[in-house]
Amino acid sequence: MKISKPDTQENTLLVGFPSNGLVGTFSISYLIHHLKMKQVGEIEVADLPATLFVERGEILGPIRVYSKKNIFIVISEVPFNQYFAEGFAYAVHEFCQKNGIKKIVIVSGMGAVNQSKEAPKIYGLVTDQILESVLYNNGIPKFLEGSIFGVDAAIISVFRKSKIPALVLYAECHPFFPDPEASIIAIETLAKILDIQIETQDIQNRMEKLRIQYRNLMEETIRTLQHNQEQGKRTPQIYR
Amino acid sequence: MKNNDFEFKITLPIITPLLDDIEQRILSPLSCLREYDNYWMVEFDLPMVGKKNIRVTFNQNTITVEAKLREKYSEERLGKITKFEYFKKSVLLPGKIDSKKITSKFEKGRLEIKIPKKTDGTSIKIN
């Protein structure tokens with residue numbers, strides 16, 4: 001899909017999809033709503049089972065593209081298994097190439113069992129040194145150790161071989177329940193990176209209701225993540 | 001970032017399916033059951049609930065949580081609005097447990113119940 005949108009400023013793509021704590025879903029949806037972004041298209045992933053949403057009589061695809069000025073957003077309403085994660089990552093990359101995207105920022109959650117009582121923390125991981133300064137200038141600590149699987153891993157794998165740099169924001173969140181509180185730190189961090197003002201009071205007021213509203217998506221996401229994790233296990237033959 | 005912030009679990013958690021009861025206006029909360037060396041940890045997500053309105057009961061190896069919502073939660077399903085008033089869910093524990101040592105805490109709308117395992121194994125002599 002090609003969108004005619006040349007801009008003097010650097011085009012930035014934000015990506016959100018269901019993952020731990022639904023951090024990407026909450027934060028990216030909130031940005032679309034808060035910045036009053038317009039839907040400009042949809043992305044298709046080959047072989048993805050047909051899924052459509054109907055909102056006020058309007059038919060919507062599961063992976064949509066929004067834009068405003070130099071900010072683009074790709075949001076998926078459905079979680080992906082390992083197979084579709086790769087297709088999604090390549091589709092996002094193709095979109096970037098066709099639309100002159102200079103950097104992408106992915107918002108995800110990092111499941112932490114022993115969450116501190118303080119505000120959740122956020123970490124950043126970059127595929128290119130050029131984005132190290134974004135972490136440094138915005139006081140985002142680097143994600144230093146751990147394993148990544150699923151959609152995050154698929155996107156990182158594609159973009160680390162690409163000329164388009166990617167930054168992944170990992171907000172500490174509850175590993176199995178929707179965590180709008182963690183998404184607030186992600187929204188605030190995105191606002192700093194994009195140098196825009198975003199008021200988070202609205203999401204703060206709705207946190208408890210969001211946790212109920214998104215129970216089914218969270219359950220579906222966890223099942224998909226577990227499946228990905230089980231598929232990703234590589235036990236040496238001798239120990240099987 | 002401390003390493004012990006992250007989970008070192010024995011098995012993947014068991015996520016029990018959600019089955020809301022529209023007739024009785026009861027929501028099924030998200031829950032997860034995780035196994036550790038010496039105990040089970042069952043967690044329930046109970047937003048819009050006060051600590052005093054939670055009731056936990058235990059029968060043989062099944063733990064049941066019931067809670068009244070602070071206010072009614074409305075949701076439209078198939079064109080019909082349902083006003084839910086309660087959360088309720090039962091979780092079956094897969095192993096023997098020590099019911100006298102169960103502890104729980106409720107923070108940020110999440111109920112954690114720690115259930116120690118019962119150990120009655122016999123030791124094996126090594127020749």
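**Exercises: a sheet in chain B and a helix pair in chain A**

In chain B, strand β6 (residues 62–77) and β7(B) run antiparallel and are joined by 12 bridges. This is a predicted model, where local features need pLDDT of at least 70, side-chain atom pairs count only at pLDDT 80 or more, and totals for chains, interfaces and linings use all residues. Residues are numbered from 1 along each chain as its sequence is written, with chains lettered from A and ligands numbered from 1 in the order in which they are written.

**Exercise 1.** Work out in what order the strands of the open sheet in chain B stand, and which ones are at the edges.

*Solution.*

Step 1. Get the terms straight: strands (E, at least two residues) and helices (H or I, at least four) are DSSP runs, numbered from the N terminus. Two strands pair if DSSP finds at least two bridges between them.

Step 2. Now go through the pairs. β5(B) and β6(B) are antiparallel, with 7 bridges. Strand β2 (residues 26–27) runs parallel to β7 (residues 80–92), both of chain B, with 2 bridges.

Step 3. Put the pairs together: 4 strands make an open sheet of chain B, ordered β2-β7-β6-β5, with mixed pairing. β2 and β5 (49–59) of chain B each have a single partner strand, so they stand at the edges and one side of each is left without a neighbour in the sheet.

**Exercise 2.** Find which residues stand opposite B:Phe87 of β7(B), then look at the hairpins.

*Solution.*

Step 1. B:Leu27 stands opposite B:Phe87, and so does B:Ala67.

Step 2. Carry on from B:Ala67 of β6(B): B:Ile54 stands opposite this residue.

Step 3. Check the turns. The hairpin of β6(B) and β7(B) has 2 residues between the strands, and B:Leu78 there takes a positive phi near 50°. In the hairpin of β5(B) and β6(B), with 2 residues between the strands, B:Gln60 takes a positive phi near 50°.

**Exercise 3.** Describe how helices α2 and α4 of chain A cross.

*Solution.*

Step 1. The axes of α2 (residues 82–98) and α4 (residues 150–159) of chain A come within 8 Å and cross at roughly 40°. Axes are lines fitted to C-alpha atoms, for helices over the stretch in contact, with angles from 0 to 180 degrees between N-to-C directions.

Step 2. That angle makes α2(A) oblique to α4(A). Under 35 degrees counts as roughly parallel, over 145 as roughly antiparallel, 65 to 115 as roughly perpendicular and the rest as oblique.
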